[in-house]
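Open the model in a viewer that can select residues by chain and number. The tour below goes from stop to stop, saying what to select and what is there.

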2 protein chains.
Amino acid sequence: MAWTGPGHDSLSGAGRRRRGKTLALHDEIVDQPDAIARLLNSNMSPLEGAAAAIRDGSVKRVWIAARGTSDHAAIYAQYVLGVRHGLPVGLLSPSILTVYGRMPELAGDLVIGISQSGMSPDIVGVIAAASAQGARTLALTNDVDSNLGRSAELVMPLGVGVEFAVAATKTYTAELTVIALLSTIVGGRTEDMDEVCRIPELLSYALVRDAEIKQIAADQARHGLTRCIVIGRGYDYPTAREWALKLKELARVFADPYSSADFLHGPLALVEPEIPVLAVVHDGPAIDDQLILLQRLAVEFGAPLCVISDLAEARSYATWSVAIPTSIPDWLRPIVAIVPAQLHALRLTEAVGLDPNRPRAIRKVTHTR
Amino acid sequence: MAWTGPGHDSLSGAGRRRRGKTLALHDEIVDQPDAIARLLNSNMSPLEGAAAAIRDGSVKRVWIAARGTSDHAAIYAQYVLGVRHGLPVGLLSPSILTVYGRMPELAGDLVIGISQSGMSPDIVGVIAAASAQGARTLALTNDVDSNLGRSAELVMPLGVGVEFAVAATKTYTAELTVIALLSTIVGGRTEDMDEVCRIPELLSYALVRDAEIKQIAADQARHGLTRCIVIGRGYDYPTAREWALKLKELARVFADPYSSADFLHGPLALVEPEIPVLAVVHDGPAIDDQLILLQRLAVEFGAPLCVISDLAEARSYATWSVAIPTSIPDWLRPIVAIVPAQLHALRLTEAVGLDPNRPRAIRKVTHTR
C-alpha cells in the first residue's frame with residue numbers, strides 16, 4: 001500500500017503507527033489526491049452491474065442505508081442520481097427493521113448500503129433483508145470482507161487503504177467519487193469520465209489553502225467559536241452537513257447544518273452578531289438566492305460569515321473565506337469543496353487545544369442496531 | 001369556529017385578535033384537544049382514496065415533500081407506514097426540481113405534500129410535477145384553497161382552524177393525526193380507530209403538566225440554557241426534531257437533534273457536564289438501549305438530562321423530567337409526546353424574557369423555492 005503523495009509528509013503505515021498516530025488525520029486528509037487516484041484505477045465492474053440495471057430500466061427506484069458521514073454521501077447520491085438521471089432516491093431509516101422488526105418491501109429496487117467499516121449491524125441488516133426480498137443490492141465499503149460486503153450482491157470497494165483516524169475523511173471523498181462514477185457509467189458520456197479523472201488534481205489545488213485556513217482557525221479560536229450555523233443548498237447541502245459533523249466530532253463546536261431553504265423555515269431566528277454562519281456557496285442555478293441570503297446575514301444580522309466558494313462575490317460578504325477552484329462541474333464540486341472544510345475542522349481543533357486524533361467518546365466503528 | 005375547550009382560556013378568533021395576539025401560541029397549544037377532536041369529526045374521503053390505492057397494491061412506494069415542522073410529520077409517516085404496513089417512504093429534496101429543474105420519475109407512486117399554509121412554492125411545485133407525471137398525489141394542508149390544495153388529486157384538510165402563531169403547534173399534531181388516520185384506514189382495524197379517537201383525551205392529560213414544565217423552564221433559564229442536544233429513537237425521533245426546532249425558533253437555543261443511533265456516530269463528542277441532553281424515551285422495543293444511553297450520559301458524562309417519558313426508570317436518570325400518560329400505543333405516542341415539548345419551548349422562551357409570539361426573523365409562511 002503506497003502512502004506516498006506529492007508535496008506532503010509521506011510515511012508508511014508502520015511509520016505512522018510508530019509515531020503514535022499523531023499524524024493520522026492530517027495524513028489522511030492530504031492523502032486524498034492519491035487515494036482517489038488509486039480508486040479511479042480500480043475495477044469498476046460492481047458499479048457497471050448496478051448501472052446496467054438502471055440503464056435498462058429494470059431498476060427505477062433507489063434506497064440507501066447509511067449513518068454518520070456515510071449518510072452525507074447518501075444525500076449526495078440523492079442529488080446526483082435525481083438531477084442527472086431523474087432517479088428517485090430515498091434514505092432508509094434502519095431502525096424500522098432493527099428496532100421494530102419490519103422491512104419495507106423493496107423488491108425490484110436498488111438498495112445501496114454505505115459504510116466505511118462495513119460493520120454497522122443496522123446497515124448490514126437492511127442490506128441482508130433487501131437481498132432476501134429480491135432487491136438488487138450494492139455495498140460501498142472500505143472492507144469487502146466485512147459483513148456488509150458479504151451481504152450484498154454487488155460490492156464496490158472504496159479502495160483508499162485503511163483509514164486510521166476516527167474522523168472519516170478520505171473514505172468520505174471516496175464514497176462521493178464512487179457515486180459520481182456510478183452516475184458517469186449510467187450516463188455513458190466520456191466527457192463525464194474525463195471530469196471525474198480530474199478530481200485528484202482538483203483535490204491537490206484545494207489542499208494548498210491549508211496555510212490560510214490555519215490563520216482563519218486561529219482567529220476564530222481567539223474569538224471563542226463554540227456555536228455556529230452551517231448552510232448549503234442543493235449539491236452544497238451534503239458538504240454543509242459533513243462540515244458540521246467534523247466540527248462537532250473534532251472541535252466540539254455546536255455546528256448546526258441546514259439547507260438554506262429549511263434554514264429560512266425557522267432557524268434563521270438563531271442568527272446573532274456573535275454567532276458565525278459558515279456557508280458553502282457555489283456558482284450555479286441557486287446562486288442568486290444564496291447571494292441575497294449572504295448579504296442579508298452579513299448586513300441585516302451582522303453575522304460573521306465564513307464562506308467556501310468559487311465565486312469572489314460570495315466571498316466578498318465574508319469575514320473569513322476560502323476559494324476553491326472554479327470550473328468544477330456542479331455535480332462533482334462536493335468532492336472538492338469538503339477538503340477545505342476538513343482542513344478547517346482539523347485546524348480549529350488544534351487551535352482550541354484539542355487532539356484531532358483522539359476525539360472524545362467516539363470510536364472508529366460504531367455498533368448501532 | 002369554536003375555540004372553546006375545557007379548563008383553559010377560550011376566546012373567539014376576533015377576541016384573540018383584539019387582545020393583540022399575545023395569547024396566540026399558548027392558546028393554540030391548549031386548543032389541541034379540541035382541534036384534534038374537530039379533525040376526527042371531519043370528512044375522511046381523501047384519505048380513503050389514498051388508502052384504497054395502498055390496500056389494492058396499485059401504490060407500492062410513498063414519497064413526501066415537506067419543510068420545517070411539516071418535515072417532521074414526514075419522518076413520522078416514514079415510521080408509521082414502514083413499521084405498520086411495510087411501505088417504503090422516501091423524503092424528497094424539492095430543490096432537485098426547483099433549483100436544478102429535474103423531477104425524479106414517480107409515476108405510479110403516491111406523493112404526499114405536507115404544508116400548513118399550502119403556499120410554499122417548492123412543495124407546490126413538486127406536487128404539480130408529480131401529478132403531471134401520473135403519480136397519485138395527496139395534499140395535507142390547513143388551507144384547501146391554497147396552491148397546494150389546488151395542485152393535488154386528493155386534499156385532506158387539517159381541519160384545526162386558522163393557526164395564528166408563527167410557530168406551528170396544532171397544525172403539527174393535526175398533520176400527525178392525519179397520517180395516523182391514513183394508517184388506520186389502510187389497516188382497517190376498529191381497535192386502531194378506537195385508539196386514535198382517544199387522542200384528544202390524551203392531549204388533555206399531557207397539557208396538565210404545564211405548571212411543572214414552567215418550573216423546569218425557570219430552573220433551566222437560571223442556569224443559562226443556550227445549547228443542548230435532543231435525542232429520540234424510532235417513533236420518538238420526529239418528536240426530538242420538532243422539540244429542537246421549537247427551541248430554536250422561540251427560545252433561540254442551539255438545540256441539536258439526533259436519532260440516538262446517529263448520535264453515537266460522532267456527536268456524542270459534544271456532551272459535557274454543562275450541556276443538557278433532552279431526551280424523548282418511551283417503553284417499547286428500543287427501551288433497553290435507551291436506558292443504557294441515559295445512564296451513560298448521566299453517570300459517565302455528568303450531563304444534566306431533561307426527559308419526557310412514560311417510564312419512571314427513564315425519568316429517574318434525569319435532573320428534570322415530565323411524565324406522559326402510559327398505555328399509549330407506540331405509533332400514536334408522537335402525537336401526545338410533542339405537547340410537553342411545545343409547552344417547554346413556550347415556557348423557556350418566556351423564562352428567558354423573549355416573546356413567543358414574535359420569534360425573530362421568521363414569518364408564518366416561508367416562500368422558499
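Which residues of α3(A) are buried? Select Q32(A), P33(A), D34(A), A35(A), I36(A), L39(A) and L40(A): these are the buried residues of the helix. Keep in mind while looking that this is a predicted model. Helix α3 of chain A runs over residues 32-40, and seven of its nine residues are buried. To see what lies over them, add α2 (24-30), β5 (154-157), α9 (170-187), α10 (190-197), α11 (199-207) and α17 (333-351) of chain A, which are included in the cover.

Stay in chain A and select K170(A) and D31(A). Their side chains form a salt bridge, with N and O 3.4 Å apart. K170(A) belongs to helix α9 and D31(A) to the loop between α2 and α3, so 139 residues separate two partners that the pair links. Both K170(A) and D31(A) are buried.

Next, select D122(A) and R67(A). Here the closest N and O atoms of the salt bridge are 2.6 Å apart. Because D122(A) is in helix α7 (residues 121-133) and R67(A) in the loop between β1 (62-66) and α5 (69-85), the pair ties together parts 55 residues apart in sequence. D122(A) and R67(A) are both buried.

For a group rather than a pair, select R84(A), R189(A), E191(A) and D192(A), which a network of salt bridges links. Over all chains, the structure has 42 salt bridges.

Now go to S327(A), in the loop between β10 (320-323) and α17 of chain A. Is S327(A) buried or exposed? Its relative accessibility is 55%, so S327(A) counts as exposed. Add D283(A): the two are 44 residues apart in sequence, while their C-alpha atoms are 9.3 Å apart in space.

Turn to chain B and select R241(B) and D71(B). The side chains meet in a salt bridge of 3.7 Å, N to O. This pair links helix α13 of chain B, which holds R241(B), with helix α5 of chain B, which holds D71(B), across 170 residues. R241(B) is partly exposed, with a relative accessible area of 23%, whereas D71(B), at 15%, counts as buried.

Then select D109(B), in the loop between α6 and β3 (110-115) of chain B. With a relative accessibility of 6%, D109(B) counts as buried. Leaving out residues up to four places away in sequence, D109(B) touches R61(A) from the other chain, along with V59(B), R61(B), W63(B), A135(B) and R136(B).

That leads to the contact between the chains. Show both: 71 residues of chain B and 71 residues of chain A take part. About 6100 Å² is buried between the two, 56% of it from carbon and sulfur atoms. How many salt bridges are there between chain B and chain A? The count is four. For one between the chains, select D256(A) and K248(B), whose closest N and O atoms are 2.9 Å apart. On the side of chain B that touches chain A, α5(B) gives the largest share, six residues. That side divides into 35 nonpolar, 17 polar and 19 charged residues.

Last, view the two chains together. A rotation of 180° with 0.0 Å of shift along its axis superposes chain B on chain A, with an RMSD of 0.0 Å. The two copies are therefore related as by a two-fold rotation axis. To find the axis, select G90(B), whose C-alpha is the nearest to it in chain B, 2.1 Å away.

Notes
Residues numbered from 1 in each chain as written. Chains lettered and ligands numbered in written order. Predicted model: local features only at pLDDT ≥ 70, side-chain atom pairs only at ≥ 80, totals over all residues. Heavy atoms only, no water. Least-squares fit on C-alpha atoms with pLDDT ≥ 70 in both. Contact = heavy atoms within 4.5 Å. Buried area = accessible area lost by both parts, 1.4 Å probe. Helix = DSSP H or I, 4+ residues; strand = E, 2+ residues; numbered from the N terminus. Nonpolar A, V, L, I, M, F, W, Y, C, P; charged D, E, K, R; others polar. Buried < 20%, exposed > 50% of the residue type's maximum accessible area, 1.4 Å probe, protein only.
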